[in-house]
Every structure is written in C-alpha cells, then in structure tokens.
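Here are my notes from a look through this structure. I began with one helix and worked outward to the sheet.

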Amino acid sequence: MAGCNCGAEKTVIITACSGAAKTGQLADQVARKLRAESMGSMSCLAALGAELSGYVESARSADRNIVLDGCPVACGAQIYARLGLRHEEYLLTNYGVEKGKTEITDELVAGIAERVKTDIEMKRG
Amino acid sequence: MKLQILGTGCPKCRALETNTKAAVSELGLEAEIEKVTDIESIMAMGVMMTPALAIDGIVRSVGRVLTKDQVISYLGGGE
C-alpha cells in the first residue's frame with residue numbers, strides 16, 4: 001500500500017521469493033503473515049526482478065528491505081544485490097525447513113513467521 | 001517530456017510540485033506536468049511512498065521532496 005511519507009514513520013518493505021518449491025510457498029505465506037501483523041508493506045519481487053522503476057525506487061528509499069528466501073538459491077537476495085539495494089535476507093532453510101521435504105501447514109507458517117518476526121525486531125536494534 | 005508528481009496532496013507533494021515547476025522553468029523546458037493523486041494509480045506504478053517523481057513514465061524518486069536543483073539534475077539525466 002502506498003503511503004504518504006510526510007510523517008517520520010519508518011518504511012519497511014517485505015518481499016518473498018515465492019518460488020516453485022514448497023519453501024517458496026512458505027516464504028510467500030510467511031511474508032503475507034508478517035504484512036498482516038503490520039511488520040511492513042509487501043512488495044513484488046518479480047517486479048524488482050523486472051526492474052520496474054517504481055518498485056526499485058521504492059525499495060531504494062525504504063528504511064528496511066526484508067527479503068524472505070525459501071532456499072539457499074537466494075533469488076530474492078540476489079535480485080536486491082544486483083540492483084545495489086540494501087536488504088536483510090531471512091533464509092527459511094535456516095529455520096529448520098527442508099526444501100522438497102517439509103510439508104507446509106498453517107502451524108508451520110505461524111511458527112516460522114513468529115521466529116522471523118523476532119529476528120527482524122532484534123535487528124532493528 | 002512528461003513529468004508526473006505522485007502524491008495524494010500532502011504538503012510534501014505540493015513542495016515537490018513547486019520545485020519541479022521551478023526546475024522546468026529554469027531549464028526552459030516544454031514539459032507536461034501531471035499530478036497523480038489517485039492512490040490506485042500511484043500503486044499501479046509500484047510506488048509505495050510518496051511524494052514521487054516520474055519522468056516520461058520512469059519513476060526516478062520515491063518518498064523524497066527533491067530540491068529544484070535535484071530535479072534539474074534528474075532532468076539532465078543525472079542522479
């Protein structure tokens with residue numbers, strides 16, 4: 001959601017790799033849960049990959065870019081790096097998830113979202 | 001040349017509009033300046049914070065009130 005930048009509110013943008021594997025599905029669902037919990041605004045990684053100017057400049061101006069990558073291929077972080085955008089990557093296989101093996105359940109999404117949320121808040125310093 | 005000021009009408013959006021008009025005037029450019037205030041249209045351009053400035057359909061700045069000189073720099077192809 002676009003917002004007026006008149007206030008002093010910090011801008012946090014969340015993107016997920018949303019890849020084809022189950023870990024990509026998990027990244028997407030965790031990102032949506034973080035958005036629902038007002039951790040930030042969700043943006044489209046595909047739009048960044050396509051270098052659509054509005055998305056790129058929004059990310060460039062954000063105070064924090066939270067990137068959820070499902071697996072170590074790290075498509076999300078690589079897109080940000082290629083564009084020279086500051087970002088924080090949260091790699092979901094570091095949260096006990098195995099690519100191609102772990103079934104994605106509501107309970108798993110909620111649990112991982114909570115842990116990622118804690119890590120994001122800790123980094124806020 | 002088409003310049004678009006994206007914002008819902010807050011003081012910062014109006015300041016960007018003023019500075020953009022001043023930059024265009026100083027450079028003596030013939031440019032169409034459009035104010036985009038509809039939030040759906042702003043979001044359709046991928047802009048998540050306002051004010052923003054687009055030049056010929058390319059978003060160049062988001063969430064900042066560019067000074068006149070900064071706008072001049074953008075219009076000249078700079079950063």
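**Helix H3 and its surroundings**

I looked up helix H3 of chain A (residues 53-61) and found Gly54(A), Tyr55(A), Val56(A), Glu57(A), Ser58(A) and Ala59(A) buried; buried means that 20 or more other C-beta atoms, placed from the backbone, lie within 10 Å of the residue's own. Helices here are DSSP runs of H or I with at least four residues and strands are runs of E with at least two, numbered from the N terminus.

A note on the source: this is a predicted model, where local features need pLDDT of at least 70 and side-chain atom pairs count only at pLDDT 80 or more, while totals for chains, interfaces and linings use all residues. Residues are numbered from 1 along each chain as its sequence is written, and chains are lettered from A and ligands numbered from 1 in the order in which they are written.

What do the buried residues of H3(A) pack against? In chain A I found strand S2 (12-16), helix H2 (45-49) and strand S4 (64-69), and in chain B strand S3 (49-50) and strand S5 (58-62). Contact means C-beta atoms within 7 Å.

**The sheet**

I then traced the open sheet of chain A: four strands in the order S3-S2-S4-S5, with parallel pairing. Strands S3 (41-42) and S5 (88-91) of chain A are at the edges with a single partner strand each, so one side of each has no neighbour in the sheet. S4(A) and S5(A) pair over four bridges; pairing takes at least two DSSP bridges. I noted Glu89(A) in S5(A) as the bridge partner of Val67(A).

Methods: Buried ≥ 20, exposed ≤ 12 C-beta atoms within 10 Å, placed from the backbone. Contact = placed C-beta atoms within 7 Å.
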